[in-house]
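Reader: I should like to learn how to read a structural model of this kind. May we go through the features in turn?

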Amino acid sequence: MAKTIIVSNRLPVKIIVSNGEYNLAPSEGGLATGLGSIYKQDDNIWIGWPGHEVAEERDKHTVTNKLKELSLLPVFLSQEEVSQYYEGFSNDVLWPVFHYYASTYANYQQSNWESYKKVNEKFKNAVMAVAEPGDTIWVHDYQLLLLPELIRREMPEVSIGFFL
C-alpha cells in the first residue's frame with residue numbers, strides 16, 4: 001500500500017534526556033501541528049532529526065524504537081553537523097538569501113556547504129530505507145533543498161512534493 005513520507009529537518013517530537021533516559025516531548029511549531037494527523041494514518045511515516053545528539057549506537061537503537069512506535073524515523077546528526085549544516089549553511093546563507101538579506105547577513109563557508117550536502121545525503125538514505133514505488137514523499141523547507149533531486153535519481157517513479 002502506498003504511503004506518504006514527510007521529511008523535515010526536525011521531527012514533530014524532540015528528545016529530552018533526563019537521568020540518563022531518553023524521553024519524547026512534542027515539538028513546537030506549525031509544521032508539527034499542521035501535519036500531525038497525516039503521518040499517524042495508515043503506514044505513513046515522518047523522517048527528521050530528533051533534536052538532540054545521540055552518539056552511542058545502543059542509544060540510537062533505543063531512540064529509534066521509541067520513535068518507530070509513533071511512525072517516526074530519526075536521522076541522527078552530530079553536534080558538528082548541526083552547527084555546520086543547520087546553523088552554518090541553512091541559517092547563515094539560505095535564510096538570509098530567501099529573506100532579502102543576502103548582502104547584509106549571509107556568511108558563506110565552504111565547510112558548511114560540504115556539511116549541508118552530506119546531511120542531505122543522510123536524509124536521502126533514510127528515505128531510501130523506507131520508500132517504495134507508488135509512495136508520495138513530501139520534503140519540507142530550505143534545510144533539505146538538495147533532497148528531492150537526490151531521491152529522484154534513485155526513485156524516478158515516486159511522487160515528490162517540496163514545500164518552501
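Author: We may begin with charged pairs. This is a predicted model, and the count of salt bridges in it comes to nine.

Reader: What is the general idea behind a salt bridge?

Author: Side chains of opposite charge can pair when their charged atoms come close. Here, Arg58 and Glu56 form such a bridge through their side chains, with 3.9 Å from N to O. The cut-off is 4 Å.

Reader: Are Arg58 and Glu56 buried or exposed?

Author: Arg58 counts as exposed because its relative accessibility is 61%. Glu56, at 42%, counts as partly exposed.

Reader: Which residue forms a salt bridge with Lys122?

Author: The partner of Lys122 is Glu81, and their closest N and O atoms are 2.9 Å apart. This pair links distant parts of the chain, with Lys122 in helix 5 (residues 110-130) and Glu81 in helix 3 (residues 79-98), 41 residues apart. Lys122 has a relative accessible area of 31% and is therefore partly exposed, whereas Glu81, at 17%, counts as buried.

Reader: Where do Lys124 and Glu121 lie?

Author: Both are in helix 5, three residues apart, which is about one turn of the helix. Their side chains meet in a salt bridge of 3.3 Å, N to O. Lys124 is buried, with a relative accessible area of 8%, while Glu121, at 32% relative accessibility, counts as partly exposed. Elsewhere, Lys3, Glu132 and Asp135 are joined into one network by salt bridges that share partners.

Reader: How should I read the packing of two helices?

Author: Two packed helices are described by the angle between their axes and the distance between the axes. In this model, helix 3 and helix 5 pack at an angle of about 110°, and their axes are 8 Å apart. The angle makes helix 3 roughly perpendicular to helix 5, because values from 65 to 115 degrees count as such. The crossing of these two helices is left-handed.

Reader: Which residues make the contact?

Author: Helix 3 contributes residues including Glu81, Tyr85, Phe89 and Leu94, and helix 5 contributes residues including Trp113, Tyr116, Val119, Lys122 and Phe123. Glu81 and Lys122 are thus found again, as the partners of a salt bridge.

Reader: What is the general idea behind a nonpolar core?

Author: In soluble globular proteins, nonpolar side chains tend to be buried together. The largest nonpolar core here has 27 residues, and those with the most contacts inside it are Val7, Ile47, Phe123 and Ile137. At least two residues of this core come from each of strand 1 (4-10), strand 4 (45-49), helix 3, helix 5, strand 6 (136-140) and helix 6 (147-154). A second, separate core has 11 residues, among them Val13, Tyr22, Trp46 and Val63.

Reader: Which residues does Ile137 touch?

Author: Leaving aside residues up to four places away in sequence, Ile137 touches Ile5, Val7, Val127, Ala131, Ile151, Val158, Ser159, Ile160 and Gly161.

Reader: Which backbone angles deserve a look?

Author: Ser71 has a phi near 65°, a positive value in a residue other than glycine. Ser71 sits in the loop between helix 2 (57-68) and strand 5 (72-74), and counts as partly exposed because its relative accessibility is 22%. Tyr100 also has a positive phi, near 65°. Tyr100 belongs to the loop between helix 3 and helix 4 (102-105), and at 78% relative accessibility Tyr100 counts as exposed.

Methods: Residues are numbered from 1 along each chain as its sequence is written. This is a predicted model: local features need pLDDT of at least 70, side-chain atom pairs count only at pLDDT 80 or more; totals for chains, interfaces and linings use all residues. Side-chain values use heavy atoms; hydrogens and water are left out. Buried means under 20% relative accessible area, exposed over 50%, partly exposed in between (1.4 Å probe, protein chains only). Helices (H or I, at least four residues) and strands (E, at least two) are DSSP runs, numbered from the N terminus. A nonpolar core is a set of buried Ala, Val, Leu, Ile, Met, Phe, Trp, Tyr and Cys residues joined through side-chain atoms within 4.5 Å. Contact means heavy atoms within 4.5 Å. Axes are lines fitted to C-alpha atoms, for helices over the stretch in contact, and angles run from 0 to 180 degrees between N-to-C directions. Angles under 35 degrees count as roughly parallel, over 145 as roughly antiparallel, 65 to 115 as roughly perpendicular and the rest as oblique. A crossing is left-handed if the near helix is turned anticlockwise from the far one by less than a right angle, and right-handed if clockwise.
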